[in-house]
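Reader: I am in my first year and still learning to read protein structures. Could you choose a single part to look at closely, and then lead me from there to the other parts with some care?

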Amino acid sequence: MPRSRRTLLAAAVVIATAAVPLTGGPAGAAPLTGPATAPTADRQQQYARAAAEYGVPESVLLGVSYLESRWDTHAGTPSTSGGYGPLHLTDAAHVAALPGGLHVGEGEDPRGDESRPLAVTAPAATAVPTSGPSTAALQTLQAAATLTGAGVDALRSDPAANIRGGAALLAAYQKELGAPVGTETDPGAWYGAVARYSGADTEATAAAFADEVYDQIRAGASRRTDDGHQVTLAARAVTARTDTLHRLGLRRGERPDGLECPVGLGCEWIPAPYEQYGPGAGDYGNHDLGNRPAQQKLEYIVIHDTEGYYDPSVDLVKRADYLGWHYTLRSVDGHVAQHIKAKDVGWQAGNWYVNAKSIGIEHEGFAGHGTWYTEAMYRTSAKLVRYLAHRFGIPLDRQHIIGHDNVPGTVASTVGGMHWDPGPYWDWSHYFDLLKAPFRTTGTKRTGLVTIDPDFAANRPAFHGCNQQPPGVPNPVPPAEPCPLRGSSAVILHSAPSHDAPLVNDRGLRPDGTPDTMYISDHGARASAGQTYAVAEVRGDWTAIWYLGQKAWFHNPASAPTAKWATGFVVTPKPGRATIPVYGRAYPEQDAYPAGVTYQTISPLQYTFPAGQRYAVGGVLPGEYYKATTFDGSSPGDWTVIRGDLRYVQVQFGHRIMFVNLDDVLLLPSPVGAPR
C-alpha cells in the first residue's frame with residue numbers, strides 16, 4: 001500500500017470543522033455478541049416515512065441505501081470516504097480533521113527483494129483532490145442539512161435523520177433533472193438521480209452504481225442491521241430509464257483498448273511509469289516488465305488498502321521513483337483505475353516471490369482508523385477479482401485471494417516490518433459472498449480442519465490504538481484509546497481455552513516471547529475469516545488450531561460458532577524429523593541458477609514446524625525466481641524465470657501464508673491422524 005497516511009490524509013477536502021475522536025468500548029480480547037444498541041424504533045418505518053416525506057419511491061430509497069451501507073449504521077463512524085450512516089452522507093472535511101495518523105508497517109520494502117532493496121518515501125500530498133468526485137460529492141451531509149433542517153451531528157449519528165437526509169438529496173436530484181417526484185412514480189424513472197447519488201464524475205461509474213441499485217431492487221434483500229433492525233426490500237420488476245443518465249453532464253470518455261476490466265464497471269487507464277530516473281541500469285521504476293501467465297503462472301490476487309485517499313494515492317503510482325500496483329479503487333463510488341497490465345510485475349506486496357506471481361489491488365481506505373469500507377467498493381472489487389480470477393485461473397479461496405496482511409516476510413529480518421492491511425475491519429465473508437464463493441462447511445468435528453468464519457456484525461474484538469500508532473510494529477506508546485467497537489473478520493487467539501488467558505506469541509513480531517496484544521496493528525494472535533487451519537484440540541466451547549508452532553485457542557461455541565468444520569489436505573514433518581524450517585518464499589536451489597546470476601539464498605524464517613503438528617495446505621508450488629533487475633534487461637538472466645527441482649507446499653502457518661519444502665513433509669488428507 002502507499003504510505004504513510006500522515007502525508008496522504010492532507011489530500012482530503014480541507015474545510016474547518018470540529019473534530020470528534022473515534023472511540024469505542026472497553027479494551028479486552030473478548031468479542032461482544034449482539035447488536036451495538038437495542039432497537040428503539042422500527043428502521044423499516046423510518047425508511048417508509050422518509051420516502052413519503054420527500055416523495056421518493058421506497059424501493060429506490062432502500063436500494064440506494066443498500067448499495068451504500070447495506071442499511072448499517074456503523075455506530076455513527078465514517079466510511080473511508082467520509083460517509084456517515086445508512087445513506088452514506090459524506091463529510092470528508094470533518095473526517096480529514098480527525099486526529100492521529102496510522103503507520104501500517106513502515107519498514108516494508110515493497111519490492112521485497114533484499115538483493116536490490118528499494119527505499120521509498122511518500123512525497124508531500126497536494127492540499128486538495130486533483131481529480132475524481134467534486135467537492136460537493138464529498139460534502140453531501142451539509143447539503144442534506146440545508147434540505148432537511150437537521151443538524152450535522154444528528155445526520156452523522158441518528159439513523160432516522162440520516163435516512164431523511166438521503167431521501168431529501170434523492171428528491172432534490174430528481175427535481176434538478178426536471179423529473180417528477182412522488183412515492184407512486186415509476187422507480188425506473190429515478191435512474192439519473194440514483195446515478196448522481198453515487199458521487200461519480202464519469203458516466204460509466206455512475207451507471208455501474210445505478211445498475212447495481214436496480215439489480216438489487218429486482219432481486220430484493222432482507223437482513224438484520226448492525227444495530228439490530230430487520231429491514232426488507234421486496235423484490236420487484238423494474239425497467240431503468242437509463243436515458244436520464246446523459247442529462248447529468250458527467251465525463252464520458254472512451255474505454256481504451258486493452259483495459260483489463262470487466263464490462264459494466266467504470267474503469268480507466270492511468271498508467272504507472274516504467275521509466276529510468278537515474279544513470280544506473282537499476283535506477284528505474286515503478287514495476288518490472290513480465291510475460292505472465294505465459295512465462296509464470298499467476299497464483300494470487302493481493303487485497304490492499306491505500307492508507308490514504310484516492311487522488312493522492314493515484315498521484316503516487318504515477319511516479320517512476322515510487323512503487324506500482326495494478327489497480328486502485330475509489331471508495332465513494334467504486335470507480336476503478338488500472339495502472340499496470342497483468343502481465344507485468346508490480347512492486348506492491350513486500351515479497352518478491354509473491355509480487356512475481358500476483359496482481360495487487362489497492363482500495364481507498366485505512367486498515368486501523370476505525371472507518372468502514374463502502375458496499376459500492378466491495379461490489380466493484382468483487383466483480384474485478386472474479387474477472388481476473390477467471391481469466392488467469394486463480395482459485396477463489398483464501399489461499400489465493402489474500403490480504404497484504406497474509407503475505408509473509410521474505411527472510412527473518414523482514415517479518416516485523418510487513419504491512420497488515422486491509423486490516424481486521426475488512427469483511428472477508430461478505431466479500432467472498434459477492435465473489436460467489438461463500439465459505440461453506442465441508443466437514444465435521446472429526447475431519448481435522450476449520451475455516452474461520454465469525455458473524456461479522458456480532459464479532460467485535462476490543463482493539464485499541466486506532467489513530468494513535470507510532471512508527472514501528474507493534475509496541476504502542478501507552479495509553480492507547482479504544483477503537484470503535486465494530487464488526488470484524490478477526491478471531492482472537494489465546495494461549496489457553498479462556499478469555500482471560502494471554503494471547504499467543506508471534507516471535508516475528510515479539511522476539512522476546514511476550515504475548516501479542518489487542519493493539520490494532522498487532523496481528524500476531526489473530527485468524528481471519530476464510531483462513532483454514534488444522535485442528536489441534538477441542539475442549540467444550542473452545543477450539544485449538546496449530547498456529548506458528550503452538551496451540552492457539554479461540555472461542556467457538558456450537559450455539560454461535562466462529563468457524564466451520566472443513567476437509568482438505570495437511571502437512572506434517574516426515575518421521576524422524578524433530579522440526580523442519582518454514583520459509584517466506586519458494587525459491588529454487590542454488591544449482592538451478594545459470595552462470596552470472598546471483599543465487600537467492602534459501603533462508604528460513606524464525607518460526608519452526610515441530611513434529612506432531614499439522615498445517616493446512618494451500619497448494620504445491622515449484623521453486624521459482626523471476627530475475628528482473630535492470631531497466632533494459634541487460635543483466636545476465638534478466639526477464640527470465642529460474643526454476644529448479646525443489647517443490648514447496650504453501651501452508652496457513654499463522655496469520656500469514658508460508659512455505660515448507662515438500663521433501664520435509666508428509667502430505668495427508670486432513671482426517672488422517674486428526675484429533676478425536
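Author: Let us begin with Ala235, which, when residues up to four places away in sequence are not counted, touches Ile217, Arg218, Ala219 and Gly220. Ala235 is found in the loop between β4 (230–233) and β5, and its C-alpha atom is separated by 9.9 Å from that of Ser222, a residue 13 places away along the chain. Please keep in mind from the start that this is a predicted model.

Two of the elements near this starting point in the account return at the second largest pocket, since α9 (203–219) and β5 (267–269) each supply at least two residues of its lining. The second largest pocket has a volume of about 390 Å³ and is lined by 20 residues, of which Ala204, Arg252, Gly253, Arg255 and Cys267 lie nearest its centre. Which element gives the most to this lining? It is α9, with six residues. By character, the residues of the lining divide into seven nonpolar, six polar and seven charged.

A second loop residue, Trp639, can be read in the way we read Ala235. Trp639 is found in the loop between β25 (615–627) and β26 (640–652), and with a relative accessible area of 30% it is partly exposed. Although Trp639 and Leu289 are 350 residues apart along the chain, their C-alpha atoms are separated by 7.4 Å. Leaving aside neighbours within four places in sequence, Trp639 is in contact with Tyr274, Leu289 and Gln295, and also with Tyr626, Lys627, Ala628, Thr630, Phe631, Asp632 and Gly633. That example leads to a figure for the whole protein chain: among contacts between residues at least 6 apart in sequence, 75% join residues at least 24 apart.

Next, consider the backbone, where some loops hold features that a careful reader should look for. The peptide bond from Arg292 to Pro293 is cis, with omega near 0°, and the place of Pro293 is in the loop between β8 (287–288) and β9 (300–305). Another cis peptide bond joins Asp421 and Pro422, where omega is about 5°, and Pro422 has its place in the loop between β14 (401–403) and α13 (428–434).

In the loop between α3 (58–69) and β1 we find Arg70, whose phi is near 55°, a positive value in a residue other than glycine. Trp71 lies in the loop between α3 and β1 as well, and phi of Trp71, also in a residue other than glycine, is positive, near 75°. Are these two residues buried or exposed? Arg70 has a relative accessible area of 17%, which means that it counts as buried, the limit being under 20%. Trp71 is buried too, with a relative accessible area of 0%.

The helices let us ask how burial is arranged along an element. In α5 (residues 140–148), the residues Thr140, Leu141, Ala144, Ala145 and Thr148 are buried. They cover an arc of only 145° around the axis, so they stand on the same side of α5. A general rule helps here: an α-helix has 3.6 residues a turn, so residues three or four places apart point the same way. What do the buried residues of α5 pack against? Their partners are the helices α2 (43–54), α6 (152–157) and α7 (159–176), together with the strands β1 (83–84) and β2 (89–90). Just after α5 comes Gly149, which takes a positive phi of about 80°.

Helix α10 (residues 310–317) is mostly covered, with seven of its eight residues buried. Those buried residues are Tyr310, Asp311, Pro312, Ser313, Val314, Leu316 and Val317.

Finally, we can step back to the whole protein chain, which has 13 helices and 28 strands. Of its 676 residues, 63% count as buried, while the area that the chain exposes is about 22,900 Å², with carbon and sulfur atoms supplying 54% of it. If you return now to Ala235, you can place it again in its loop between β4 and β5, touching Ile217, Arg218 and Ala219 among others.

Methods
Residues numbered from 1 in each chain as written. Predicted model: local features only at pLDDT ≥ 70, side-chain atom pairs only at ≥ 80, totals over all residues. Heavy atoms only, no water. Helix = DSSP H or I, 4+ residues; strand = E, 2+ residues; numbered from the N terminus. Buried < 20%, exposed > 50% of the residue type's maximum accessible area, 1.4 Å probe, protein only. Contact = heavy atoms within 4.5 Å. Areas by Shrake-Rupley, 256 points an atom, 1.4 Å probe, with all protein chains shown as cover. Arc of directions from axis to C-beta. 1 Å grid on protein atoms, 1.4 Å probe; cavity = no way out; pocket = protein on both sides within 12 Å on 5 of 7 lines; lining within 4 Å. Points joined across faces, edges and corners; volume = space filled by probe spheres on them. Nonpolar A, V, L, I, M, F, W, Y, C, P; charged D, E, K, R; others polar.
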